[in-house]
Amino acid sequence: MDSNAHDPFDTARFEVSRDRLASLAYRLLGSAADAEDAVQDAFLHWQAADRQRIRVPEAWLTKVVSNLCLDRLRSAQARRERTVGGWLPEPLLDGDPMLGPAATFEQRESVSLAVLTLMERLSPLERAVYILREAFSYNHAEIAEILDITESASQQHLHRARRRITAARRGGAEVDPATARRIVEEFLAAATSGRTERLVALLTDDATAISDGAGLTEKLLRYDTPQRIASIARAGFTSTPAKQRLAGGVSAVHYALLNGAPAILFVPDGKVVGAVTFDITGGKIATVRGIAAPARLVRLAEAWRQHGPDTPLIAQW
């Protein structure tokens, strides 16, 4: 008997594709919350559709989610939010199904915080073509069908997207995990002990740091020289009673991987209240991102609550 015989909405057939659809939406939107909303909207479309006429549910759902995300990217609200200088991708803990697929370097890179940020420079269509091709391996005929464009247009959008991302990309090959952890631990030790010269030595000459100011500022805070970054890191990583009150208590500082990148998390009483991620190239830190706005940490905090215990880098901060 058909397993969906008593399910008027064929929920099981939709659920088979949910993780893949969420991963597509997250890559397109850079926000887990918005991705979840897009997938839920797609489910409503699925409920309302004449499913007897849908020959390939996976392709149909991919088309629906892609176009829902494009509508969001083109909306006036999204344009305002993403142009005032206050937008950063929402970080996810490695292992989150929303980060898949991740079998190839291109797939892993397409969901990195660096590339998600760079994709803000692309048009919505360039972004969609790039993700469908690089992360999900659709050919240009399939992409044309999904996005209602020609194959030639798909090829042109991909060429422009690759060119723009390559021109702005600062990283190279993937960093050895042990090396990445060592560099981050050295950065943390130097920052908490106030060793400015060591901090500067760990940074590339053109390093940048970005902070969302814990959501208290409208625009992102940016710092563009190793000396300035070192100064901000010293101040930011110095524990004070005021910072402990703001965090909700004394924090443990943990090492983690977020979107494939090394990171440190500030965790008072089991709740993630801040994350600092690092892009590493040539054995040095090229980009530091400080993320503490609560809205950007919801899914990460929930994943961390389910994360197995590990030994913190700093037990009490």
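Modeller: A residue counts as buried under 20% relative accessible area, as exposed over 50%, and as partly exposed in between. Keep in mind that this is a predicted model.

Colleague: Take Asp 41, then. Is Asp 41 buried, exposed or partly exposed?

Modeller: Its relative accessibility is 27%. Partly exposed covers the range between 20% and 50%. Therefore Asp 41 counts as partly exposed.

Colleague: Which residue forms a salt bridge with Asp 41?

Modeller: The closest N and O atoms of the pair are 3.0 Å apart. A salt bridge needs a nitrogen of Lys or Arg within 4 Å of a carboxyl oxygen. The pair links distant parts of the chain, with Asp 41 in helix H2 and its partner in helix H3, 31 residues apart. The partner of Asp 41 is Arg 72.

Colleague: How many residues apart are Glu 15 and Arg 18?

Modeller: Their side chains meet in a salt bridge, at 2.8 Å from N to O. Glu 15 is partly exposed at 35%, and Arg 18 is partly exposed at 24%. Both lie in helix H1, and about one turn of the helix separates them: three residues.

Colleague: Asp 10 and Arg 13 also meet in a salt bridge. Which of the two is buried?

Modeller: Their N to O distance is 2.5 Å. Arg 13 has 30% relative accessibility, so it counts as partly exposed. The other partner has a relative accessible area of 10%, under the 20% limit. The buried one is Asp 10.

Colleague: Which residue joins Asp 10 and Arg 13 in a network of salt bridges?

Modeller: The structure holds 17 salt bridges. One network links Asp 10 and Arg 13 with a further arginine. That residue is Arg 51.

Colleague: Now the inside. Which helix supplies the largest share of the largest nonpolar core?

Modeller: This core has 51 residues, and Phe 14, Tyr 26 and Met 119 are among those with the most contacts inside it. Several helices each supply at least two residues, including H2, H3 and H9. The largest share is eight residues, and it comes from H1.

Colleague: How many residues does the other core have?

Modeller: In soluble globular proteins, nonpolar side chains tend to be buried together. Here another core lies apart from the largest one. Ala 180, Phe 187, Ala 207 and Ile 314 are among its members. Its size is 28 residues.

Colleague: What distance separates the C-alpha atoms of Ala 303 and Ala 153?

Modeller: Ala 303 sits in helix H14 and is partly exposed at 23%. Along the chain, Ala 303 and Ala 153 are 150 residues apart. Their C-alpha atoms are separated by 39 Å.

Notes
Residues numbered from 1 in each chain as written. Predicted model: local features only at pLDDT ≥ 70, side-chain atom pairs only at ≥ 80, totals over all residues. Heavy atoms only, no water. Core = buried A, V, L, I, M, F, W, Y, C linked by side-chain atoms within 4.5 Å. Buried < 20%, exposed > 50% of the residue type's maximum accessible area, 1.4 Å probe, protein only. Helix = DSSP H or I, 4+ residues; strand = E, 2+ residues; numbered from the N terminus.
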